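Visitor: I'm new here, so could you walk me through this one step by step?
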Amino acid sequence: MSVEYQKFIELKKRALEKVFARMNEKQREAVFQINGPLLILAGAGSGKTTVVVNRIANMIKFGNGYQSTAMPEGITGDDLQFLEGFAAGRASDEARLVNLCAFHPVRPWNILAITFTNKAAGELKDRLVAMLGEDANDIQASTFHSACVRILRRDIDKIGYDRKFGIYDSDDSQRVVKEALKNLQADDKMFTPKSVAGAISRMKDELKSPEQALEEAGNDYRRRMIARVYAEYQKTLRSNTALDFDDIIGLTVRLFRENPEVLSYYQNRFRYIMVDEYQDTNHAQFTLVEMLSRQYKNICVVGDDDQSIYKFRGANIENILNFEEQFEDTKVIRLEQNYRSTQNILDAANSVIAHNTERKGKTLWTDNAAGDKVYWYHAQDEQGEAMFIGQTILDDVAKGAKFSDHAVLYRMNALSNNLEKYFVRTSIPYRIIGGHRFYERKEIKDVLAYLQIINNPADDVRLKRIINEPKRGIGDTTVEAAQRIADGLNLSLFEVMSHAKDYADLSRRGNVLEDFCRMLQELMDRADTMPLYDLLEAVLNKSTYRTYLKAQGEEGAARLENVDELMTNIKKYCEENDEPSLSGFLEEVSLFTDMDNYDPDTDCVTLMTIHSAKGLEFPYVFIDGMEDNLFPGMQSMFNAAEMEEERRLAYVAITRAKKKLYITNAQTRMLYGTTQRNRPSQFLREIPESLLDCEDAARIVSPTQISRPSAKSSGAPTRAAQQFGVGGMKRPTASAHYTVGQTVRHKTFGTGIILNATPMGNDSLLEIAFDTAGTKKLMSNFARLEIVG
């Protein structure tokens, strides 16, 4: 081994390390490991997206150059001098560096990068384009579902399906299940559409067919009925040329199993596979990834077993825990340096998650400051809890923070109610993530159903949705009669209704049915020759849906605004796609998730469940309702596996905070119509006292009552107890008399003039035009206003 060779290998590594100098040692190790199975255990806030982007960039630019022991022929002393200069920062010719150091660089189209949201896929692609230029456009970065839809559009006919399939969302699926339950005369109290649809989804995640489900059910009546509904459900989907979300993965696996040549094509196409959020994969997704990577074995998964929180959606933590057993010769790299949070927040998270046993094990650390301690606020009741959160946010904003710097996280949606009430009274702007999603609104689903029928007239489920929207005098009896005829003749509902006067059972409503179908047919005939936004306008006018909404007054106007927003989305789709099509738009909509619409630049407080918060970060985080029986939930407390899942959820919640973490709970809480008295959460009790600042507005004197010695607990009332009365809320003062035209000052919103004062019980609703914050509506008893003129 020559001195020249040894020097080349050493200088090459130093030069490549210089390219990725902004990364820490473990991150660089992951970037340079490109061949074979790789498990990257990425702790919360450890910069995993940066690792994924830079790893792909390294693969395309340098290939396996860092690990390679080969030296190009003709290396000169000048080349070695260049490498030394590059490593020292004196040279910057990256093209020359690539020429000297690249070894088997990976072609962009041989890379498949899987993320869990379209938003994450888009951001990944944008960052790669910024780093690599146009070459990055050949990388397939997409969700599991988007990747599989592309595969199925090309080859699903090989397993007997139509390539022009539609995609049903959960609402569509439940409609089909409901009809199947009705046809099978199932007890609607024992079998609800939602629970049966969930059971079918879980069976599909496990790649079980209706026949397998029936066989495994044995003599269990409930399981046998669900298996029969499953069979009926699949039959309806096939006749409607539709797939549900679970079919998209399951049928891709089936396609690969039954067509080895198709599998071989994609194995050669995607020689390097990366999967983000691997801890959230289910059995079907694991099977898909394993099949695709079987030939070249270049599978890299990024995930955190401590953040596996989607078991209820079918996620299987065993996929990440057993990765090394499932893929031989796996390299494991732990990313434990956190760039997000303070050390005190990380110490709290580490303390909680250390109580889990089913984990790989890692400890987060940071170069950031220790920061403030975790602030625990114990309120008298849920109203005091909401007031503390609201007033703390207002105080932060008055000191210069933004509303959008704050997030309130909770275990269940029901806990947002009191927060919303208080935020409305005090004019704190907020949004709820995971609430009523845009594409789930009735008017949007109605309009999309029209478009879906135009795209696929065999879709009986969508046809039934719109046949009487707006009202056309077509009743359930007529529709059921048409469905019986369609089933008997093996025709679609649309085909039968188009010739309704030919059937005795439909002749009375024949004209109405045929007029309706004629209107749809005219739209179908024009669909391929007009822009999508013109097609939507034609649908709204010809169906009279726009007129129908206008007639509903104020509520209809709000719904019409949502329909107009749909028009905006269609126009954006047309601008962003070279060949926009109706089927393409409908496919994009069907794969849309709530988080794809999350805009961090909107200045308002974010309210969301902890499940929805995964992947996000905020300077100030409140974890609301941290009590036993709520978080962890009552049923989880008696099941070890479920307790570990709940503890992972607590870990996720804690690690969303960057600067300050607040944990709140209440002495008594009204929830679901009953008053509860829950002790502080077990997870809170797992945080060492040294990491907590405690404030007790419930005036609990004995630490044993809360199973935690409090730094502020003593025989005397705490500061909060002195300040707060019933519910931990500020003792009410007589409401000042406010009049229109008065100038007032608000601690957060500044100076403003009262435009309107409306008496409401013992309070007044004030409309105030603030100089800098705009017009706000505040309840006077909560506003804490100072009259200045």
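Guide: Sure! One term to start: pLDDT is the predictor's confidence in each residue, from 0 to 100, and contact means heavy atoms within 4.5 Å. This is a predicted model, where local features need pLDDT of at least 70, side-chain atom pairs count only at pLDDT 80 or more, and totals for chains, interfaces and linings use all residues. Residues are numbered from 1 along each chain as its sequence is written, and side-chain values use heavy atoms, leaving out hydrogens and water.

Visitor: Over which residues does pLDDT stay under 50?

Guide: Across the chain, the mean pLDDT is 90, and 94% of residues reach 70 or more. One stretch falls short of that, though the model still has 72 contacts for it beyond four places in sequence. That stretch with pLDDT under 50 is residues 700–734.

Visitor: Is arginine 340 buried or exposed?

Guide: Arginine 340 sits in the loop between strand 8 (331–335) and helix 17 (343–353); strands (E, at least two residues) and helices (H or I, at least four) are DSSP runs, numbered from the N terminus. Buried means under 20% relative accessible area, exposed over 50%, and partly exposed in between (1.4 Å probe, protein chains only). Arginine 340 has 12% relative accessibility, so it counts as buried.

Visitor: Which residues have the most contacts inside the largest nonpolar core?

Guide: A nonpolar core is a set of buried Ala, Val, Leu, Ile, Met, Phe, Trp, Tyr and Cys residues joined through side-chain atoms within 4.5 Å. The largest has 53 residues. Those with the most contacts inside it are Leu448, Leu451, Met497, Leu520, Leu535, Leu566 and Phe585.
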